[in-house]
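Me: I should like to learn how the terms used for a protein model are justified. Please set each value against its definition and then draw the conclusion.

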Amino acid sequence: MLNRRHIRIKVMQSLYAFKGGESDDLKKDETFLFHSLDSMYDLYLSMFALLTELQKKSKDYNIKFQKKLSASSTKDISASKIEDNQLLTLISDNKMLQETISKRKLNFWDLDFEYVDIIFRAILKSQLFTDYAKESENSFAADKSFIINIFTDIIAPNDKLYDYFEDKRLTWIDDLPVVNTKILKILRKLKLTSPDTALLPDLYKDEDDKVFAKELFNKTLLNSSKFTEEISAKAKNWDSERLASLDGVLLRMAICEFRKFPSIPFKVTINEYLEVAKEYSTPKSSLFINGILDKIVKEYKADNLQLKSGRGLM
């Protein structure tokens, strides 16, 4: 689920929040980092809990709707489409998923039901639902297409839901795009025959990514003063306050990758931190960071420092 850029962002946030020194015990701060990373999985599960609650809401809605149909014992097909949606049923009936949600205490939609109502009403008012309700075809493919469409057009971009997640956990705002993209990928691949584990992906692509997060955090902190000196020598024409800002954190992380991660090419590191700077720092930050890193790499090459190993890694 996590990609390397998101890991870098999490490390950046943890480093920026760090108030200690190189000689301090880093275990507490390392724990904070991994809690932040793990919290992303809670957001992922919370979104599936929301989908489960939407189906429950549909059932309640249909019961009330039927009571209003005075002499009719016939079930209204359009009103029951969400309740009978096969993809939502697959999610609701996934025991592993629901047990994990319960174990991590993420069933908060019962208390915050107004947000379920907001999403449910938005779905019923949408053209997507109008078209879906008119379909005579009852197939898993049609049901899946509808859920993917409402997730893309209604759930993911909903401003009130965005504000809700921001109030719930501040770090979730940065996680939302990654989580929503992952959910859509998983939904597109789902089949009626998919195992329960299909809805429970690993947080890390592999163990290397988890090790990368830990080592990038620790090695950047443990070499902070050395990296700062290296930056200062190249930043004489720039505002010194930048080195104490987020730009300084990003530069120290980049130099850490230059010196301590031989398998990551210079170009990859530079491109990654320029993109992070564009999203999280000031308008001039990417220019500043690119200028400093370019000078440092040129100096490494002039001094013939062999910091990278493997083909094409300069």
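Me: How many salt bridges does the structure hold?

Reply: This is a predicted model, and the structure holds 17 salt bridges.

Me: What makes the pair aspartate 175 and lysine 10 a salt bridge?

Reply: A salt bridge requires a side-chain nitrogen of Lys or Arg within 4 Å of a carboxyl oxygen of Asp or Glu. For aspartate 175 and lysine 10 the N to O distance is 3.0 Å, so the pair meets the definition. The two residues belong to distant parts of the chain, 165 residues apart: aspartate 175 is in helix H10 (residues 172–189) and lysine 10 is in helix H1 (residues 4–17).

Me: Why is aspartate 175 called buried?

Reply: Buried means under 20% relative accessible area. Aspartate 175 has 0% relative accessibility and therefore counts as buried. Its partner, lysine 10, has a relative accessible area of 1%, so lysine 10 is buried too.

Me: How do you know that arginine 104 forms a salt bridge with aspartate 42?

Reply: The closest N and O atoms of arginine 104 and aspartate 42 are 2.7 Å apart, and the limit is 4 Å, so the term applies. This pair also links distant parts of the chain, 62 residues apart. Arginine 104 lies in the loop between helix H5 (95–103) and helix H6 (113–125), while aspartate 42 lies in helix H2 (residues 27–68).

Me: Is arginine 104 buried, partly exposed or exposed, and what decides the matter?

Reply: Partly exposed is the class between under 20% and over 50%. Arginine 104, with a relative accessible area of 29%, is therefore partly exposed. Aspartate 42 stands at 8% relative accessibility and so counts as buried.

Me: What makes glutamate 275 and lysine 278 a salt bridge, and where do they lie?

Reply: Their closest N and O atoms are 3.4 Å apart, which is within 4 Å, so the definition is satisfied. Both residues lie in helix H14 (residues 266–280), three residues apart, which is about one turn of the helix. Glutamate 275, at a relative accessible area of 33%, is partly exposed, whereas lysine 278, at 54% relative accessibility, counts as exposed.

Me: Which residues are linked in a network of salt bridges?

Reply: Arg5, Arg8, Glu257 and Glu272 are linked in this way.

Me: How many helices and strands are in the protein, and what share of its residues is buried?

Reply: The protein has 15 helices and zero strands. Of its 314 residues, 47% are buried.

Me: What can be said of contacts between residues that are separated in sequence?

Reply: Among contacts between residues at least 6 apart in sequence, 81% join residues at least 24 apart.

Me: Why is an enclosed space called a cavity, and how many are counted?

Reply: Rolling a probe the size of a water molecule over the atoms shows where empty space is left. A space is called a cavity because a 1.4 Å probe fits there but cannot get out. The count comes to two cavities of 30 Å³ or more. The largest holds about 50 Å³ of space, and the second largest about 40 Å³.

Me: How do the residues lining the largest cavity divide into nonpolar, polar and charged?

Reply: They divide into nine nonpolar, no polar and no charged. Among them are Leu51, Ile82, Phe120 and Phe146. Helix H8 (140–155) is one of the helices that supply at least two lining residues, and H8 gives the most, with three residues.

Me: What makes up the lining of the second largest cavity?

Reply: This lining divides into seven nonpolar, two polar and no charged residues. Its members include Met47, Asn158, Tyr162 and Asn180. H9 gives the most to this lining, with three residues.

Me: What makes the phi of lysine 105 worth noting?

Reply: Most residues other than glycine have a negative phi. Lysine 105 is not a glycine, yet has a positive phi of about 55°. Lysine 105 lies in the loop between H5 and H6. The cut-off for exposed is over 50%, and lysine 105, at 73% relative accessibility, therefore counts as exposed.

Notes: Residues are numbered from 1 along each chain as its sequence is written. This is a predicted model: local features need pLDDT of at least 70, side-chain atom pairs count only at pLDDT 80 or more; totals for chains, interfaces and linings use all residues. Side-chain values use heavy atoms; hydrogens and water are left out. Helices (H or I, at least four residues) and strands (E, at least two) are DSSP runs, numbered from the N terminus. Buried means under 20% relative accessible area, exposed over 50%, partly exposed in between (1.4 Å probe, protein chains only). Contact means heavy atoms within 4.5 Å. On a 1 Å grid over the protein atoms alone, a cavity is a set of points where a 1.4 Å probe fits but cannot get out, and a pocket is an open set with protein on both sides within 12 Å along at least five of seven lines; lining residues have an atom within 4 Å of a point. Grid points are joined across faces, edges and corners, and a volume is the space filled by probe spheres set on the points. Ala, Val, Leu, Ile, Met, Phe, Trp, Tyr, Cys and Pro count as nonpolar, Asp, Glu, Lys and Arg as charged, and the others, Gly among them, as polar.
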